[in-house]
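Here are my notes, written as I would pass them across the desk. Have the structure open while you read; the points go from one residue outwards and end with the overall picture.

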Amino acid sequence: QVQLVESGGGLVQAGGSLRLSCVASGRSFSTNAMGWFRRAPGKEREFVGTINWKDITYYADSVKGRFTISRDNAKNTVYLQMNSLKPEDTAVYYCAVSLNYYLPRSANEYDYWGQGTQVTVSS
């Protein structure tokens, strides 16, 4: 029933910007925290950032100041605005929903996951 679908990934030059979207269906997550993670080949999922139902945000140090998370509860959608992209940002980006945590920063605190969207940043 629950489905999260990411979009907006692509190929971009270092220093460029991308805006990722994640549309949820099956139920409303307006009272839940939503987050973004990323996975590079051969690596585990890495926390990127989260936004809870009070619009409180938290970011990984590696993206703080460059990435911004926002949400539109009417559209059941969360966004990740990525600026000043670096080659090390290259990864598959996943959105996720946490049902039980206030400001979750660990993958094991999330319950639903999207399929991911590829972001490739060239030098």
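1. Where does serine 98 lie? Serine 98 is in strand 9. Keep in mind that we are looking at a predicted model. With a relative accessible area of 1%, serine 98 counts as buried, because the cut-off for that class is under 20%. Leaving out residues up to four places away in sequence, serine 98 touches Asn32, Ala33, Pro104, Glu109, Tyr110 and Asp111. There is also a polar link to the loop that follows: a polar atom of the serine 98 side chain lies 3.4 Å from the backbone nitrogen of tyrosine 101.

2. On to tyrosine 101 itself. This residue is in the loop between strand 9 (91-98) and strand 10 (112-113). Is tyrosine 101 buried or exposed? Neither label quite fits: its relative accessibility is 38%, so tyrosine 101 goes down as partly exposed. Again not counting residues up to four places away in sequence, tyrosine 101 touches Ala33, Trp53 and Glu109. Two of those names should look familiar, since Ala33 and Glu109 are also among the residues that serine 98 touches.

3. Now asparagine 52, which I'd look at alongside tyrosine 101. The two are 49 residues apart along the chain, but their C-alpha atoms are separated by 8.9 Å. Asparagine 52 sits in the loop between strand 5 and strand 6. Even though it is a loop residue, asparagine 52 has 0% relative accessibility and therefore counts as buried. Beyond its neighbours within four places in sequence, asparagine 52 is in contact with Asn32, Ala33, Arg71, Tyr102 and Leu103.

4. What does the side chain of asparagine 52 reach at 3.0 Å? One partner is the backbone nitrogen of isoleucine 56. Another is the backbone nitrogen of lysine 54, which lies 3.0 Å from a polar atom of the asparagine 52 side chain. Worth displaying both contacts together when you check this loop.

5. Staying with isoleucine 56: this residue, too, is placed in the loop between strand 5 (46-51) and strand 6 (57-59). At 32% relative accessibility, isoleucine 56 is classed as partly exposed. Together with Trp53 and Tyr102, Ile56 makes a nonpolar surface patch of about 270 Å². Trp53 has come up before, as a contact of tyrosine 101, and Tyr102 as a contact of asparagine 52.

6. Salt bridges next. How many does the structure hold? Three, and they are worth going through one at a time. Arginine 38 pairs with glutamate 46, with the closest N and O atoms 2.9 Å apart. Glutamate 46 is partly exposed at 32% relative accessibility, whereas arginine 38 is buried at 5%.

7. Arginine 38 also meets aspartate 89 in a salt bridge, at 2.8 Å from N to O. That pair links distant parts of the chain: arginine 38 is in strand 4 (residues 33-39), while aspartate 89 is in the loop between strand 8 (77-82) and strand 9, 51 residues apart. Arginine 38 and aspartate 89 are both buried.

8. Aspartate 89 has another salt-bridge partner, arginine 66, again with closest N and O atoms 2.8 Å apart. Arginine 66 is in the loop between strand 6 and strand 7 (67-72) and aspartate 89 in the loop between strand 8 and strand 9, so this pair ties together parts that are 23 residues apart in sequence. Here, too, both residues are buried. Put together, Arg38, Glu46, Arg66 and Asp89 are linked in a network of salt bridges.

9. Last, the overall picture. The protein has zero helices and eleven strands. Its radius of gyration is 13 Å, close to the 14 Å from the globule rule for 123 residues, so the protein is as compact as a globular protein of that length. Along the principal axes, the C-alpha atoms fill a box of roughly 40 × 30 × 25 Å. Of the 123 residues, 43% count as buried. The accessible surface is about 6,300 Å², with 45% of that belonging to carbon and sulfur atoms. As for contacts between residues at least 6 apart in sequence, 58% join residues at least 24 apart.

Technical notes. Residues numbered from 1 in each chain as written. Predicted model: local features only at pLDDT ≥ 70, side-chain atom pairs only at ≥ 80, totals over all residues. Heavy atoms only, no water. Helix = DSSP H or I, 4+ residues; strand = E, 2+ residues; numbered from the N terminus. Buried < 20%, exposed > 50% of the residue type's maximum accessible area, 1.4 Å probe, protein only. Contact = heavy atoms within 4.5 Å. Patch = residues over 30% accessible without salt bridge, like charges linked within 9 Å, V, L, I, M, F, W, Y side chains within 5 Å. Areas by Shrake-Rupley, 256 points an atom, 1.4 Å probe, with all protein chains shown as cover. Salt bridge = Lys/Arg side-chain N within 4 Å of Asp/Glu carboxyl O. Polar contact = N/O pair within 3.5 Å; in protein donor to acceptor, adjacent residues only side chain to side chain. Rg over C-alpha atoms; globule rule 2.2 N^0.38 Å.
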